[in-house]
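The following paragraphs lead the reader through a structure, moving from a sheet and its central elements to individual residues and to the confidence of the model. Please keep the sequence and the structure in view while reading.

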Amino acid sequence: MELERRRVLQMGGAIAAGAGLTGLTACSGTGGTGATGQGGSAGEKDKGKIAVWSWQGPAAEMKALVPEFNKKYPGIEVTVEDIGNPAIWDKITTGLAAGGQGLADVLHIGVDYLPGYVEKFPGGLADLGPLGANAHRDAFAQGMWQTVSPDGKRVNALPWEANSAGFYYRADLFEKAGVDAGALQTWEETIEAGKEIKAKTGAHLLGIDKPASQADAANFFQMLLQLQGAFYFSLSGDITLDSPEAVKAMTLIKTMNDAGLVSDLAGGWNALMSSLKQGTAAVLPMPTWFGGIIQEQVPEEAGKWKVRLPPAVRRGGSTAATVNSTHLAVAGSSKHQAAAWSFVEFVLTRPASQVQIYKGKGIAPALMAAYDDAVFHEPSPFFGGQKKGEVFLEALKAPSSAFNYTADYARALKLVTDAQSKVLLGGADPAKVLKDAADQLAQQTGRKVSR
Amino acid sequence: MTVTLTGSAARAVPSQGTAPRPRPRRRVAPYLFVLPALLLFAVFKLYPIGRSFVISLHKTVGGTERFVGADNYVRLLHDPLFWTALKNTAVILVVQVPVMLALATGLAVALNSTLLRGRAVFRLGFFLPMVTGLVAYGIIFSVLLNKDYGLVNWVLGLAGLDSVPWLTDPLWAKVSLGLALTWHYTGYNAVILLARLQSVPAELYDAAAVDGAGAWTSFRHVTLPGLRPALLLTTVLSTIGTLQIFDEPFVLTGGGPDNATLTIGVYLYQNAFKYFDFGYASAIAYALAVLIGILGVIQFRFLGEKS
């Protein structure tokens, strides 16, 4: 009898140990109820102590702006923290889920996370409208205001970076293969060029993280979609994962891979960097900010690199797309919202701040007035004397579509990267894997598939 | 009257047959001592467990929590990714845990052997992986197993073998995960088994030897039965640990490629912290807890002492 009781207790222990895991969600899982947005008062515009969360390069650039900021606002003490990317997303999520506890006052947020935060944690981010954001409504690149203020009333953040799709390439390899990179009109032509390059120089056309070891493994696929003005969701929020545009994009990737033109960047960033240093790929289809990275990583290759806007997916199609953006938001729980806003406004709406940041890390501003500065129109010795800033400015000025990331972007992205892995590793049919992904996304989110 | 007696005074009086038994209320001190632990348990375990159940019955729609009853659980049953995660976890459980425990038993017996010199060094060596920081260990394994620049493939190359896509092929990724887990936990289990082994009376081995038992026979009939409680403990702990496994797949493969190493723990994490779907994540946690409970009961039934 005693033994029986002991055994029951032991079993209870096993169950409790299992249930212990539930604490993980419980501790941080109050969903929308916690973040009220009314938690913080606006405070004073020129007084207070504020903390800013960002990552690596941008954090360093903001830190460098603080002394100048303090000349204007001596009463505001600013601490800029480099949380690291992607660690910052988990940290913001847990903070928002905990009703804003422990969050910094100013948060640097990517376009891929912003809609999710806004929808799942109402009030988690302060409305910047009443603080004065609307005065800057027309100051930013096209589509940016729609991203930060989808309903045109609440302003969830202020735009910072607007990254356009770019096509960085090794001009020397193209030359060796006898291909004129500037003349490539479509990605189909580029694939043919890739075959020449592979045959003559041994370099791959480009690289993709085939097993999707990082969430951004589908960047290239997404760029091909966005060049066609398409995305994972329609503007009304329906699923468009298996649209003809998406199938076209994935088919292009499959064609490249089947022709042996895609190197594997499994491992994400580190693999990308070593590929860059070893010159295993002739093209880096990366957005604006990546130019600064190339210059930093392979300074000895100055003059070998060039940049242009990507070829169109279909002949005559668009070569411009804003593939991502980042923003500064103010936490709804901040006790110094007005002071935090002063900092955000200083960094993002003053051309001088943005020019300084561009000089430091090559981070492209969404603030159009910044482009009046000469630095965006100077020839770059690294990029063979090209005016790199103007290349991307052209893209920012071109008509480009707005994209609806929705709160379910992370789920969609996961399904897309899985589908891409199936195509790249197992030779699966693009149309089929995308259809499966769309159906599964519908099952998970309750959204309609638009077909 | 006895109420006023202090504990020591009561004990000073030799107990008579007729003396009243000490009343339970005098045993307040032990409860006071365990109170802080109980409070902490209630706040950090019981409350989250209960709260997480409540959350599992809700869904966030347009920023507000809406009661949806068992919807999240129904959705779970129809979610192919949950079943994939369950299957992957089950594969690890069925393949890796027995291999690891067999290895741990072998190690424990070897480390217990008086024939071995410098046993302390070996014991330390096998236990060290357990205290290695997860991130350090994750990074070391990703470097070792990197397809193009990894040490393991370099060594294979020296032996004239093809390089293996350790982390990038669905099957090999599972194997890599198993290897990492085995490296991490075998020593820990071996130490538990070793502790038990040292309580097996030497006389039993002597008696077996006198009866003419060889090494294998005495292992089967003396060592194994002696190890039984420790084996039960390590099996149950490893089962619970494996079902909750999160760190290794998260750091090594992120659950990929194409969900080949997606475990329930990783899926739970993704739903909570990537998709902000806390209700669904809580439902997954409860499904997991029930599963662990059931498996625990089964293991006690099959491996427990026979009364």
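**A helix across a sheet**

Helix H3 (residues 56-72) of chain A lies across E1, E2, E3, E4 and E10 of chain A and runs at about 165 degrees to E2(A). Helices (H or I, at least four residues) and strands (E, at least two) are DSSP runs, numbered from the N terminus. Angles, from 0 to 180 degrees, are taken between N-to-C directions, with axes as lines fitted to C-alpha atoms, for helices over the stretch in contact. This is a predicted model, in which local features need pLDDT of at least 70 and side-chain atom pairs count only at pLDDT 80 or more, while totals for chains, interfaces and linings use all residues; side-chain values use heavy atoms, with hydrogens and water left out. Residues are numbered from 1 along each chain as its sequence is written, and chains are lettered from A and ligands numbered from 1 in the order in which they are written.

The sheet beneath this description is open and consists of 5 strands in the order E2-E1-E3-E10-E4 (chain A), with mixed pairing. Strand E2 (76-82) and strand E4 (158-164) of chain A stand at the edges with a single partner strand each, so one side of each lacks a neighbour in the sheet. On average, neighbouring strands of this sheet are turned by 20 degrees against each other, direction ignored. Two strands pair if DSSP finds at least two bridges between them.

Strand E3 deserves a separate look. With strand E1 (residues 48-54) of chain A, E3(A) pairs in the parallel sense over 2 bridges, and Trp53(A) stands opposite Leu107(A) in E3(A). With strand E10 (residues 322-330) of chain A, E3(A) runs antiparallel and is joined by 5 bridges; here Ile109(A) stands opposite His327(A) in E10(A). Because 5 of the 5 residues of strand E3 (residues 106-110) of chain A are buried, the strand is largely enclosed by the rest of the structure. Buried means under 20% relative accessible area, exposed over 50%, and partly exposed in between (1.4 Å probe, protein chains only). In a regular strand the side chains alternate between the two faces of the sheet. Both faces of E3(A) are covered, with Val106(A), His108(A) and Gly110(A) buried on one side and Leu107(A) and Ile109(A) buried on the other.

Two residues in helices may be considered next. Ser421(A) is placed in helix H16 (residues 409-426) of chain A and is buried, at a relative accessible area of 2%. Not counting residues up to four places away in sequence, Ser421(A) touches Lys210(A), Pro211(A), Ala212(A), Gly426(A) and Asp258(B); contact means heavy atoms within 4.5 Å. Tyr188(B), in helix H8 (residues 170-197) of chain B, counts as partly exposed at 28% relative accessibility. Among its contacts beyond four places in sequence are Phe126(B) and Leu237(B).

Finally, confidence is given by pLDDT, the predictor's value for each residue from 0 to 100. Chain A has a mean pLDDT of 88, and chain B has a mean of 85. Values stay under 50 over residues 1-40 of chain A and over residues 1-15 of chain B. Where pLDDT is low, the predicted coordinates should not be read in detail. The model scores ipTM 0.78 and pTM 0.82.
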